[in-house]
Amino acid sequence: MKTRIKLNHRVIGEGYPVVFLHGFLESNTMWKSVVPKLKGVKAILIELPGHGDSPFYPYGEEMIIRDMSEDVNEVLKTLSIGNFSIVGHSLGGYVALDLKTIDNKNTIEKVVLLNSHPWSCLL
């Protein structure tokens, strides 16, 4: 069974909820010049596993997109977030897209990708 971890997050501002997910090897600090300029937005800054102040998964457990999505979803549940939009940079974009696929209540209204893409990678 996959270990669930509690992700570090911050909530800044009041208004329409927008989730911000950083890229690989980054943290919430990447949004520090963007968020203060947003009026009427409740910015929810979530740090992905092993980034910023969020813990890593236990040794030996893989870090896969679906697990990250489910952990992000848990943060949103604890904050009682209803409808929202999401901005994902790089790795955060892949997590955002996966969140949209498991969003059975259609709570994600818009997904914005920065330096990310919606196509499957061919390896």
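In this predicted model, helix α1, which covers residues 65-78, lies across the strands β1, β2, β3 (41-46) and β4, and a useful way to fix its direction is to compare it with β3, to which the helix runs at about 140 degrees. With that helix in view, the reader can turn to the strands beneath the description.

The sheet is open and is formed by five strands, which follow one another in the order β1-β3-β2-β4-β5, and the pairing among them is mixed. Strand β1 (9-12) and strand β5 (108-114) stand at the edges, where each has a single partner strand, so one side of each is left without a neighbour in the sheet. From one strand to the next, the twist averages 20 degrees.

Within this sheet, one pairing can be followed in detail, namely that of strand β2, made of residues 16-21, with strand β4, made of residues 84-89. These two strands run parallel and are joined by four bridges, and a reader who wishes to locate the pairing in the structure may look for Val19, which stands opposite Ile86 in β4.

The loops deserve a careful look as well, beginning with Ser90, whose place is in the loop between β4 and α2 (91-101). The phi angle of Ser90 is near 55 degrees, which is a positive value in a residue other than glycine. Is this residue buried or exposed? Ser90 falls between the two, being partly exposed with a relative accessible area of 23%, where the cut-off for buried is under 20% and that for exposed is over 50%.

A second residue with a positive phi is Asn106, which is not a glycine either and has a phi of about 55 degrees. Asn106 is found in the loop between α2 and β5, and with a relative accessibility of 57% it counts as exposed.

The last feature to consider is the largest pocket, which holds about 290 Å³ of space. Its lining is made up of 14 residues, and those that lie nearest the centre of the pocket are Asn73, Lys77, Asp103, Lys105 and Thr107. Which element gives the most to this lining? That element is α1, the helix with which this account began, and it contributes three residues. When the lining of the largest pocket is sorted by class, six of the residues are nonpolar, five are polar and three are charged.

Notes: Residues numbered from 1 in each chain as written. Predicted model: local features only at pLDDT ≥ 70, side-chain atom pairs only at ≥ 80, totals over all residues. Heavy atoms only, no water. Pairing = 2+ DSSP bridges. Axes fitted to C-alpha atoms, helices over the stretch in contact; angles between N-to-C directions. Contact = heavy atoms within 4.5 Å. Buried < 20%, exposed > 50% of the residue type's maximum accessible area, 1.4 Å probe, protein only. 1 Å grid on protein atoms, 1.4 Å probe; cavity = no way out; pocket = protein on both sides within 12 Å on 5 of 7 lines; lining within 4 Å. Points joined across faces, edges and corners; volume = space filled by probe spheres on them. Nonpolar A, V, L, I, M, F, W, Y, C, P; charged D, E, K, R; others polar.
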